Amino acid sequence: MKPVIVVHGGAGRIFKEREQGSRDGVIRAALRGYGILKQGGSALDAVEEAVRSMEDDPHFNAGCGSVLNEAGEVEMDAIIMDGKNLDSGAVSAVKCIANPIKLARLVMEKTKHMLLTDHGAHMFAQAMGIPETPGEKLITERSRERWKKNLEPDSNPEEFQKDLGTVGAVAIDSEGNVACATSTGGLSNKLIGRVGDTACIGSGGYADNHSGATSTTGHGESIMKVVLARLILYHMEQGMSPEMAADTALDYMKTRVGGLGGVIVVNCSGEWAARFSTKQMSWATVKDDQLHHGIYAGERHTKSVDEALASESGGF
């Protein structure tokens with residue numbers, strides 16, 4: 001099996017001044033994940049590395065760069081899933097951790113549980129020796145400005161949600177195993193303790209070797225109502241291509257509950273798709289040593305991995 005990785009940096013509206021950073025971020029993440037696959041590494045390692053790369057990039061609403069809740073704090077959710085045995089690990093409402101995806105992986109591998117939240121997740125992180133990152137270090141100037149703006153009496157936080165991006169990755173490795181990973185800071189000015197779709201298995205992501213893997217982004221409450229990730233895999237199990245399954249599920253979410261979002265998908269044959277019903281979604285994929293990426297509907301740039309790596313080492 002030829003390895004494939006697909007990543008997204010969130011669906012919504014990406015402001016012009018942030019476009020290049022979003023493009024560079026997803027390309028870097030896809031190349032890092034593909035580097036692991038190319039050396040015979042697992043899909044699980046590849047998606048974790050790709051998502052970790054975006055958690056460390058302040059252009060995205062995950063890890064450093066996460067939006068703030070109503071109290072002005074960062075609370076993050078993440079999930080990872082192994083398509084081989086349907087094992088999954090997730091964390092929700094976690095604070096003071098640079099890479100929630102790493103903690104989600106540890107929940108999967110070091111506990112008998114699938115989801116740890118808030119204080120319990122924090123204690124588990126300490127037990128696992130994960131260093132604590134001061135909350136302030138995860139807050140960007142942009143997130144703080146947005147939080148303040150949303151506190152104004154005439155503000156419309158809904159309007160500001162549109163350019164926020166969850167991050168995610170899906171992959172298939174040379175053994176034919178699939179995996180997914182998703183991570184987010186959630187909604188700006190959300191209620192304390194609000195958990196969206198990301199940490200919920202079947203909503204924020206799903207992976208099954210029998211069909212494929214998907215990671216979702218968009219309006220979390222809508223995604224949860226239709227269990228979007230699992231719905232896409234269901235359509236693929238009925239014989240649809242990744243692209244058709246993604247479009248059908250996104251269309252259903254829009255007509256049934258009025259929700260917009262985006263998804264990345266890879267099936268068990270290595271076919272992939274990156275689809276969205278929002279204005280934009282930054283995405284990148286590597287297959288057959290070719291990198292493809294885009295932000296707008298219908299946009300797709302292609303170059304060889306060697307060329308992409310050369311420009312990356314030159315700082316893009």
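Strand S10 supplies the largest share of the lining of the second largest pocket, with 5 residues. The model is a predicted one. This pocket encloses about 210 Å³ of space. Its lining includes Trp-272, Ala-273, Ala-274, Arg-275 and Phe-276. Glu-243 and Trp-283 also line the pocket, as do Tyr-296, Ala-297, Gly-298, Glu-299 and Arg-300. By class, the lining of the second largest pocket holds 7 nonpolar residues, 4 charged residues and 1 polar residue.

Two of the lining residues, Trp-272 and Trp-283, also form an aromatic pair. The structure holds 1 such pair. The ring centres of Trp-272 and Trp-283 lie 5.5 Å apart, and the planes meet at 40 degrees, so the pair is tilted. The contact links distant parts of the chain. Trp-272 belongs to strand S10 (residues 272–276), whereas Trp-283 belongs to strand S11 (residues 280–287). The two residues are 11 residues apart. Trp-272 has a relative accessible area of 17% and is therefore buried, since the cut-off for burial is under 20%. Trp-283 has 5% relative accessibility and is buried as well.

Enclosed space was examined next. The count comes to 2 cavities of 30 Å³ or more. The second largest cavity has a volume of about 40 Å³. Cys-96 and Ile-97 contribute to its lining, together with His-122, Ala-125 and Gln-126. Ile-130, Pro-131 and Glu-132 also line this cavity. The lining of the second largest cavity divides into 5 nonpolar residues, 2 polar residues and 1 charged residue.

Helix H6 spans residues 141–151. Within H6, Ser-143, Arg-146, Trp-147 and Asn-150 are buried. These four cover an arc of only 100 degrees around the axis, which puts them on the same side of H6. The spacing fits helix geometry: an α-helix has 3.6 residues a turn, so residues three or four places apart point the same way.

Arg-144 forms a salt bridge with Glu-136, at 2.9 Å from N to O. Arg-144 is partly exposed, with a relative accessible area of 24%. Glu-136 is exposed, at 55% relative accessibility. The cut-off for exposure is over 50%, so Glu-136 passes it.

Across the whole structure, the search finds 18 salt bridges. Side chains of opposite charge can pair when their charged atoms come close. One of the bridges joins the side chains of Arg-194 and Glu-221, at 2.8 Å from N to O. This pair links distant parts of the chain, 27 residues apart. Arg-194 sits in the loop between strand S6 (178–184) and strand S7 (205–208). Glu-221 lies in helix H8 (residues 220–226). Arg-194 is buried, with a relative accessible area of 13%. Glu-221 is partly exposed, with a relative accessible area of 28%.

Glu-237 and Arg-230 form a further salt bridge, at 3.2 Å from N to O. Glu-237 is partly exposed, with a relative accessible area of 36%. Arg-230 is partly exposed too, at 26% relative accessibility. Elsewhere, salt bridges with shared partners join Lys-16, Glu-19, Arg-23 and Glu-299 into one network. Glu-299 is also among the residues that line the second largest pocket.

Conventions
Residues numbered from 1 in each chain as written. Predicted model: local features only at pLDDT ≥ 70, side-chain atom pairs only at ≥ 80, totals over all residues. Heavy atoms only, no water. 1 Å grid on protein atoms, 1.4 Å probe; cavity = no way out; pocket = protein on both sides within 12 Å on 5 of 7 lines; lining within 4 Å. Points joined across faces, edges and corners; volume = space filled by probe spheres on them. Nonpolar A, V, L, I, M, F, W, Y, C, P; charged D, E, K, R; others polar. Phe/Tyr/Trp six-rings, centres within 6.5 Å; stacked < 30°, edge-to-face > 60°. Buried < 20%, exposed > 50% of the residue type's maximum accessible area, 1.4 Å probe, protein only. Arc of directions from axis to C-beta. Salt bridge = Lys/Arg side-chain N within 4 Å of Asp/Glu carboxyl O.
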